[in-house]
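Hi,

Here is the structure I promised to pass on. Have a look at it first, and my notes on what turned up follow below.

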Amino acid sequence: MCGRALGRKVQQHHPVPKAKKGRETVPLHPICHRAIHANFTNAQLARIGADRDALLTDEALARFVEWVADKPPDFHAPTRKPR
């Protein structure tokens, strides 16, 4: 999602959540995975699926991706919930 190389720690993300019958997974940095779930509900993710561009229409997630783009692959920081 962020365009960075994957590091040692990788999480598998279900673009369509398991709760909504999703089976496919994609590898993500843990911080990117948390940012997605902090900004979208499972229902929203089920509608969006694996459409990266649709995810990035969310202003908060787009700002996060811009911020994290130059960080090392295993960078970690707390993920804030949207206000």
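Leaving aside residues up to four places away in sequence, which residues does His-76 touch? The answer is Ile-31 and Arg-34. Before I go on, please keep in mind that this is a predicted model.

His-76 itself sits in the segment after H4, and with a relative accessibility of 58% it counts as exposed. His-76 also has a distant partner in sequence to compare with: His-29 is 47 residues away along the chain, yet the two C-alpha atoms are separated by 9.2 Å.

Now to the helix pair, starting with H1.

Ile-31, one of the two residues that His-76 touches, belongs to the buried set in H1. That helix is mostly covered, with eight of its 10 residues buried. The buried ones are Pro-30, Ile-31, Cys-32, His-33, Ala-35, Ile-36, Ala-38 and Asn-39. What does the covering? The elements over these buried residues include strands S1 and S2 (26-28), along with helices H2 (42-48), H3 (52-55) and H4.

Of those, I looked at H4 in some detail. H1 runs over residues 30-39 and H4 over residues 59-68, and the two pack at an angle of about 165° with 10 Å between their axes. Anything over 145 degrees counts as roughly antiparallel, and H1 and H4 are therefore roughly antiparallel to each other. Their crossing is right-handed.

Which residues make up the contact of H1 with H4? From H1 come Ile-31, Cys-32, Ala-35, Ile-36 and Asn-39, and they meet Ala-60, Leu-61, Phe-64, Trp-67 and Val-68 of H4. Sorted by class, that contact has nine nonpolar residues, one polar residue and no charged ones. If you colour the H1 side by burial, you will find Ile-31, Cys-32, Ala-35, Ile-36 and Asn-39 again among the buried residues.

Next, the charged pairs.

How many salt bridges does the structure hold? There are three. Let me take them one by one.

The pair I would show you before the others is Asp-74 with Arg-8, where the closest N and O atoms are 3.6 Å apart. Asp-74 lies in the segment after H4 and Arg-8 in the segment before strand S1 (11-13), so this salt bridge ties together parts of the chain that are 66 residues apart in sequence. The two partners differ in how they are covered: Asp-74 is partly exposed at 34% relative accessible area, whereas Arg-8 counts as exposed at 73%.

Then there is a pair within H4. The side chains of Arg-63 and Glu-59 form a salt bridge with an N to O distance of 2.9 Å. Since they are four residues apart in helix H4, about one helical turn separates Arg-63 from Glu-59. Glu-59 is exposed, at 57% relative accessible area. For a sense of where Glu-59 stands relative to another part of the chain, try His-13: the two are 46 residues apart in sequence, and their C-alpha atoms are 21 Å apart in space.

Lys-71 and Asp-70 make another of the salt bridges, with 3.4 Å between the closest N and O atoms. Asp-70 is exposed, with a relative accessible area of 63%.

Back to the segment before S1, where Gly-7 is found. What does Gly-7 touch, not counting residues up to four places away in sequence? Its contacts are His-29, Pro-73 and Asp-74. The last of these is also the salt-bridge partner of Arg-8. Gly-7 is partly exposed, at 24% relative accessible area. From Gly-7 to His-29 the step in sequence is 22 residues, and the C-alpha to C-alpha distance is 7.3 Å. So His-29 comes up twice in these notes, here with Gly-7 and earlier with His-76.

One backbone detail to finish. Most residues other than glycine have a negative phi. Lys-21, however, has a phi near 75°, a positive value in a residue that is not glycine. Lys-21 lies in the loop between S1 and S2, and with a relative accessible area of 73% it is exposed.

Cheers

Technical notes: Residues are numbered from 1 along each chain as its sequence is written. This is a predicted model: local features need pLDDT of at least 70, side-chain atom pairs count only at pLDDT 80 or more; totals for chains, interfaces and linings use all residues. Side-chain values use heavy atoms; hydrogens and water are left out. Axes are lines fitted to C-alpha atoms, for helices over the stretch in contact, and angles run from 0 to 180 degrees between N-to-C directions. Angles under 35 degrees count as roughly parallel, over 145 as roughly antiparallel, 65 to 115 as roughly perpendicular and the rest as oblique. A crossing is left-handed if the near helix is turned anticlockwise from the far one by less than a right angle, and right-handed if clockwise. Contact means heavy atoms within 4.5 Å. Ala, Val, Leu, Ile, Met, Phe, Trp, Tyr, Cys and Pro count as nonpolar, Asp, Glu, Lys and Arg as charged, and the others, Gly among them, as polar. A salt bridge is a side-chain nitrogen of Lys or Arg within 4 Å of a carboxyl oxygen of Asp or Glu. Buried means under 20% relative accessible area, exposed over 50%, partly exposed in between (1.4 Å probe, protein chains only).
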